Amino acid sequence: MGSLGSLPLLLLLLFRVGAQKQDLDLVQKYLENYYNLRNDGDQAERQRDASPVVEKLKQMQKFFGLKVTGKPDADTLNVMKQPRCGVPDVAPFVLTAGQPRWEKAQLTYRIENYTPDLPRAVVDRAMEKAFQLWSSASPLRFTKLSEGQADIMISFVWGDHRDNSPFDGPGGNLAHAFQPGPNLGGDVHFDEDERWTNNCSHYNLYRVAAHELGHALGLAHSTDIGALMYPKYIFSGDVQLSQDDINSIQTLYGSSPNHNLPIDPQAPQPCDTKLTFDAITTVRGEVMFFKDRFCMRIHDLYPEVELDLVSVFWPFLPNGFEAAYEVVYRDEVRFFKGNKYWALREYDLLYGYPRSIYTSFGFPKTVRNIDAAVSEEETGKTYFFVANKYWRYDEYKQSMDRGYPQMISHGFPGIVSKVDAVFKKDGFFYFFHGISQFKYDPKAKKILAVRRANSWFNC
């Protein structure tokens, strides 16, 4: 885009003075590309809330679960800057009206050309796996052609490739696909300006192909952050369909004969009264609650809960870890699963991890996993909870204190059940068991309050 003067006046007014021109351009272009904002030089209206720019911003914020302000705040800009699918979230990207679907169950596909980033066999396998993912959940079956016209044509292209949806260079728009139909219908295009891989670096071809094929079969974007059809690129080494993906494909094509289909856990609902947690820890002033492959974050300055995939922050961590705690003086957070643990500083995995809980902490081999852990910044003591017992570890001496393990009910009177998660805040311990949470005063050695586990989310 050109000068600031080419942007709608309202968009300029929504930003504070001194906003970066690239951010102004980004908002305008993003809303045009993905939310059907018309670029007609809109002028500011007397009622800002009625403006197309504000309404489209609100629509975008609601879709991604952001605070709906109608303003391009930092969280909104952050989402706009992340790599994603090129298919719009709400505006049509269609060749025919309605909700098109293939009228046959036997479909063909052809890879027209190959990216130089990967061996041809790797590209073939990535596409084969992506098709198998959708066929496992539906009656659809796919056959690869080596020549001629197929139902779904797959190609790697650059920039303006003559389909009225040009790519934008590295990052941003990674790929797009068209809904079922003739000619371009069902075709999938990958941006060759991206670096395509078969691992966690850059952009994993299998992960992007699986998403785009969902569009080629007639699916729209999902607002469920755990769904394969969520528009943002998120990859943690595993690609599976969520229940939302399965419901969508089966709504179009019917159920699958495969009754043993692996399904990714659904995204937790923060205000679900039955919500439980796998682990909880503080991280630089935030409190992070973990459930399956998801995390929910709160901060004293930003009380609204934010839901994300763990892999957004730490793509190298396993899903479903069982305990976590922060060592403030070392600026470390440690995550536990089974008999191993990972130590991180901000977004980086520290060298030499994962390590064994036996060699690092001195646990006996009878301990198979840690249920919960919490560290006291004032004393340097870390408490590990395993079944109905707990250990106390000295972070400064890097050794277990003598006389442990002890019964949890002895060291923490009133806490008699297995501990699912625990963290410390403002001098109090918060123990979690099932859907219940116990506020505990370690000085008075008593429970002060019992609340629902998700009471931190202002539900």
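Two strands count as paired here if DSSP finds at least two bridges between them. Keep that in mind as you click around this predicted model.

Start by selecting residues 436–441, strand β26. On one side, 6 bridges join β26 to strand β27 (residues 446–452), and the two run antiparallel. For a sample rung, pick Asp441 and find its bridge partner in β27, Lys446. Now look at the turn: this hairpin has 4 residues between its strands, and Lys445 in the turn has a positive phi of about 55 degrees.

Next, add residues 428–433, which is β25. This strand also pairs with β26 in the antiparallel sense, over 5 bridges. Select Phe431 and you'll find Phe438 as its bridge partner in β26. The hairpin of β25 and β26 has 2 residues between the strands, and Gly434 takes a positive phi near 60 degrees.

Zoom out to residues 416–459, one of the spans that an unreviewed UniProt entry annotates as "repeat: Hemopexin". That stretch is 0% helix and 55% strand, with its end C-alpha atoms 27 Å apart. Then try 367–415, which carries the annotation too: here you get 8% helix and 41% strand, and the ends lie 20 Å apart by C-alpha.

Now jump to the open sheet, where 5 strands sit in the order β2-β1-β3-β5-β4 with mixed pairing. Its edges are β2 (141–145) and β4 (175–177), each pairing on one side only. From one strand to the next, the twist averages 20 degrees. Inside the sheet, select β3 (152–157) and β5 (188–191), a parallel pair with 4 bridges; Val157 partners Asp191 there.

Last stop: helix α5 (residues 120–135), lying across β1 (106–111), β2, β3 and β5 and running at about 160 degrees to β1.

Definitions and conventions:
Residues are numbered from 1 along each chain as its sequence is written. This is a predicted model: local features need pLDDT of at least 70, side-chain atom pairs count only at pLDDT 80 or more; totals for chains, interfaces and linings use all residues. Side-chain values use heavy atoms; hydrogens and water are left out. UniProt positions are given in the numbering used here, feature names are shortened, and annotations may be inferred rather than shown by experiment. Axes are lines fitted to C-alpha atoms, for helices over the stretch in contact, and angles run from 0 to 180 degrees between N-to-C directions. Contact means heavy atoms within 4.5 Å.
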